[in-house]
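This report describes a single protein chain for a reader who is new to structural biology. It begins with the chain as a whole and then turns to individual residues.

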Amino acid sequence: MTHWFHRNPLKATAPVSFNYYGVVTGPSASKICNDLRSSRARLLELFTDLSCNPEMMKNAADSYFSLLQGFINSLDDSTQESKLRYIQNFKWTDTLQGQVPSAQQDAVFELISMGFNVALWYTKYASRLAGKENITEDEAKEVHRSLKIAAGIFKHLKESHIPKLITPAEKGRDLESRLIEAYVIQCQAEAQEVTIARAIELKHAPGLIAALAYETANFYQKADHTLSSLEPAFSAKWRKYLHLKMCFYTAYAYCYHGQTLLASDKCGEAIRSLQEAEKLYAKAEALCKEYGETKGPGPTVKPSGHLFFRKLGNLVKNTLEKCQRENGFILNPNQKKK
């Protein structure tokens, strides 16, 4: 099953030379600064390299972050921070607020911002892989794994590093807790989409699929609520995505719940469940159109034309017709099947 995920753009950053004339003395220190400059440049290149895979990304990120630690933590195993922490100014743009950069003279700010981009890369990698037709089981597992890694990075930044910033995160920008939390929840929801697709392929019980779909819809609703107090000019497109996915997976839940009811010969209740699924699918379809027309960060696409969306529409229609036929047979027991 192919998937479609909304993605915000990567953060951009100003070049950093790591040249500290008069401060850095000796060949060993100069080599570390040169390695910092080259490993940072390499990591930034990989963010937009379509041939990059998770192993390449992990190696490049580990290489840069291990060197950057010398600017954050003291090397004598004490709990004190490094004397180099505030020596360099770093500039980064925002995923929602465009090309207006934030700047802090703090290596922790660099660690968080670069880590944020690494997490975004994992979500984008998962999205590219999940969008393929005829995705294999191994690829589906890779999508799930990448989304879990991204969620873990976002959560780690929020809990362990952002509180250490001297200058607090600006409201409505990437490092603020509301946005980080929304990214975490979205990753959880999308990972569960992969689980649902796998459950459908393996023909698991409709009741299980309905429960997973309902839980996924709740994830999307929670993420949308997290962003509700943000400036609409920056968050409107993202929120349209979260809202339409909430409606979409609630429709999924009603559709598969209807199948469970039908299997128990509760045709009347099954029809009502499928009719509710039909309404929610229509609402999701309208939101798809609104998403495509809404300006803001993210791709310009028509999700209603995507295979993942059309398949649910056909499933709801066919299941409802089946329920209505079965109900007709129950009401007219003498009617013979044609």
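## Charge and surface

The chain carries 44 positive and 36 negative side chains, and the centres of these two sets lie 5 Å apart. The model under discussion is predicted. Its chain exposes about 17,000 Å², of which carbon and sulfur atoms supply 53%.

Of the 338 residues in the chain, 47% are buried. Several of the residues examined below belong to this buried group, including Cys247 and Arg85.

## Overall architecture

Nine helices and two strands make up the regular elements of the chain. Read from the N terminus, the elements follow the order α-α-β-β-α-α-α-α-α-α-α. The two strands therefore come after two helices and are followed by seven more, if one reads that order from left to right.

The C-alpha trace spans about 95 × 40 × 35 Å along its principal axes. Among the contacts with a separation of 6 or more, 71% are between residues 24 or more positions apart.

## The annotated coiled-coil region

The unreviewed UniProt entry annotates residues 267-294 as a "coiled-coil region". In the model, this stretch is 96% helix and 0% strand. The C-alpha atoms at its two ends are 40 Å apart.

Asp265 lies in the loop between α7 and α8, the latter covering residues 267-293. Is Asp265 buried or exposed? Its relative accessible area is 60%, and because the cut-off for an exposed residue is over 50%, Asp265 counts as exposed.

## Two residues with positive phi

Most residues other than glycine have a negative phi. Asp265 is not a glycine, yet it has a positive phi of about 60°. Phe18 is likewise not a glycine and has a positive phi of about 55°.

The surroundings of these two residues can be set side by side. Phe18 is placed in the segment before α1, a helix of residues 27-47. Phe18 is buried, with a relative accessible area of 1%, whereas Asp265 is exposed at 60%.

## Arg85 and its partners

Where is Arg85 placed? It is found in the loop between α2 (54-68) and β1 (90-92). Arg85 has a relative accessibility of 6%, so it counts as buried, the cut-off being under 20%.

The side chain of Arg85 takes part in two polar contacts described here. One joins it to the side chain of Tyr86 at 3.4 Å. In the other, a polar atom of the Arg85 side chain lies 2.9 Å from the backbone oxygen of Lys164. Leaving aside neighbours within four places in sequence, Arg85 is in contact with Phe71, Gln105, Asp106, Ala107, Val108, Lys164, Leu165 and Ile166. Lys164 thus appears both in this list and as a polar partner of Arg85.

## Ile162 in a loop between helices

Ile162 lies in the loop that links α4 (137-161) and α5 (177-201). With a relative accessibility of 14%, Ile162 counts as buried. Beyond its neighbours within four places in sequence, Ile162 is in contact with Ile112, Leu157, Leu175 and Ile180.

Ile162 and Leu244 are 82 residues apart in sequence, and their C-alpha atoms are 31 Å apart in space.

## Thr226 and Cys247 in helices

Thr226 lies in helix α6, which covers residues 206-226. Its relative accessible area is 15%, and Thr226 is buried. The side chain of Thr226 reaches the backbone oxygen of Lys222 at 2.8 Å. When neighbours within four places in sequence are left aside, Thr226 is in contact with Arg178, Glu181, Ala182 and Ile185.

Cys247 is placed in helix α7, residues 232-263. Which residues does Cys247 contact, leaving aside its neighbours within four places in sequence? They are Leu280, Lys283, Ala284 and Leu287. Cys247 is buried, with a relative accessible area of 1%. The C-alpha atoms of Cys247 and Gln324 are separated by 23 Å, and the two residues are 77 residues apart along the chain.

Key
Residues numbered from 1 in each chain as written. Predicted model: local features only at pLDDT ≥ 70, side-chain atom pairs only at ≥ 80, totals over all residues. Heavy atoms only, no water. Helix = DSSP H or I, 4+ residues; strand = E, 2+ residues; numbered from the N terminus. Buried < 20%, exposed > 50% of the residue type's maximum accessible area, 1.4 Å probe, protein only. Contact = heavy atoms within 4.5 Å. Polar contact = N/O pair within 3.5 Å; in protein donor to acceptor, adjacent residues only side chain to side chain. UniProt positions renumbered as here; feature names shortened; annotations may be inferred. Areas by Shrake-Rupley, 256 points an atom, 1.4 Å probe, with all protein chains shown as cover. Lys, Arg positive; Asp, Glu negative; His and termini not counted. Charge placed at Lys NZ, Arg CZ, Asp CG, Glu CD.
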